[in-house]
Amino acid sequence: MTTSIHITALDGIVNVNSLFTLAVFVGLAWNPTDPNSSLITDPTSPCAAGSTIVENIVSYHVFSFSSFLFSSLIALALKQALRISKTTDFHSHSHHLPEFFVRVNKNSLRVGMLASGVGSVIGCVFLMLALINVVQFKLGTLACGSGYSFAAVVPLVIFVPLALLIYVCIVLYAFTR
C-alpha cells in the first residue's frame, strides 16, 4: 500500500513538472524583440522594460526548467526503484527467474521525495519571477507604477506563494509519516 502511494505521489510530481516545463518552453519560444509583443508603444518611455528585464526573463525560464528537470529526474528514479523493488519481491518466489533483492531504504526514499519537492518549489518560484518580468515587459515596469502591471502581478505573488506553502506543508507532513 505504501509503495503504491509513493508511486502515485511521484507520478503527480512528474505530471505537474511536465506541464510547467511546457509553459517554460512556450516562454522561451516567445521573442521579446518582436515590436508587436509589448503594449508599450514608445520604447523611450520610462515604463518600457530595459534589457535587464528581458535578460531576467530568459534566465528565470532556464532556472525554472532546470529545477523542474531535476525534480522530475529524481522522481522518475525513485519511481523506478520502487517498481523494481516491488517486481523483484513478487517474482522472488518463482523458481524460473533469478532472485534479485532490492531494498528501498525508507530514509533515502524520503530524502529523494523531499529533494524532488524542493526542485518543484524552486522551479515554481523561478517561473513566477519570469512571469513577473513578462508582465513588466508587456504592460510596463512596476517601478513606473503601471496599474495594469500591478493588477497582473499582485494575484500572482499572492496565489503562487500560498499554493507553494500548502504544497510544502503537505510534503513535510507526508515526509514525517
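**Cysteines**

I started by looking for disulfides, and this predicted model holds zero of them. As a reminder to myself, a disulfide is a covalent bond between the sulfur atoms of two cysteines. I then checked how two of the cysteines sit. C124 has a relative accessible area of 15%, so I list C124 as buried, the cut-off being under 20%. C169 comes out at 46%, so C169 goes down as partly exposed.

**Overall layout**

Next I wanted the fold in plain terms. How many helices and strands does the protein chain have? I found four helices and zero strands. Read from the N terminus on, the elements run α-α-α-α.

I also noted some totals. The protein chain has 177 residues, and 32% of them count as buried. The protein chain exposes about 11,000 Å², with carbon and sulfur atoms supplying 71% of that area. For contacts between residues at least 6 apart in sequence, I see that 81% join residues at least 24 apart.

**The nonpolar cores**

A general point to keep in mind here: in soluble globular proteins, nonpolar side chains tend to be buried together. Which residues make up the largest nonpolar core? I wrote down nine: I7, L10, I13, V14, A75, L78, L82, L109 and M113. Helix 1 (2-29), helix 2 and helix 3 (106-139) each supply at least two residues of this core. Helix 1 gives the most to this core, with four residues. Apart from this core I found another, of six residues, including V24, F68, V121 and C124. That brings me back to C124, the buried cysteine from my opening entry.

**Around A75, D11 and K79**

I picked A75 from the largest core and listed its contacts. Leaving out residues up to four places away in sequence, A75 touches L10, I13, V14 and S116. L10, I13 and V14 are fellow members of the largest core.

Then I turned to D11, which is found in helix 1. How far apart are D11 and A75 in space? I get 7.8 Å, C-alpha to C-alpha, for a pair that is 64 residues apart in sequence. D11 has 25% relative accessibility, so I count D11 as partly exposed.

K79 was my next stop, in helix 2 (residues 51-91). Is K79 buried or exposed? K79 is buried, because its relative accessible area is 14% and the cut-off is under 20%. Its contacts, again without residues up to four places away in sequence, are I7, L10 and D11. So here I have a buried lysine that touches I7 and L10, both listed in the largest core, as well as D11.

**L139 and C47**

I looked up one more pair. L139 has its place in helix 3 and, at 25% relative accessibility, counts as partly exposed. The C-alpha atoms of L139 and C47 are separated by 8.2 Å, although the two residues are 92 apart along the chain.

**A nonpolar patch on the surface**

My last entry is about the outside of the model. Which residues make the nonpolar surface patch of about 840 Å²? I noted F150, V154, V157, I158, F159, L162, L165, I166 and I170. I took I158 as my example, and I158 lies in helix 4 (residues 147-176). Its relative accessibility is 47%, so I158 counts as partly exposed.

Terms used. Residues are numbered from 1 along each chain as its sequence is written. This is a predicted model: local features need pLDDT of at least 70, side-chain atom pairs count only at pLDDT 80 or more; totals for chains, interfaces and linings use all residues. Side-chain values use heavy atoms; hydrogens and water are left out. Buried means under 20% relative accessible area, exposed over 50%, partly exposed in between (1.4 Å probe, protein chains only). Contact means heavy atoms within 4.5 Å. Patches are made of residues with over 30% relative accessible area and no salt bridge: like charges are joined within 9 Å, nonpolar side chains (Val, Leu, Ile, Met, Phe, Trp, Tyr) within 5 Å. Accessible areas come from the Shrake-Rupley method with a 1.4 Å probe; for residues, only the protein chains shown count as cover. A salt bridge is a side-chain nitrogen of Lys or Arg within 4 Å of a carboxyl oxygen of Asp or Glu. A nonpolar core is a set of buried Ala, Val, Leu, Ile, Met, Phe, Trp, Tyr and Cys residues joined through side-chain atoms within 4.5 Å. A disulfide is a pair of cysteine sulfur atoms within 2.5 Å.
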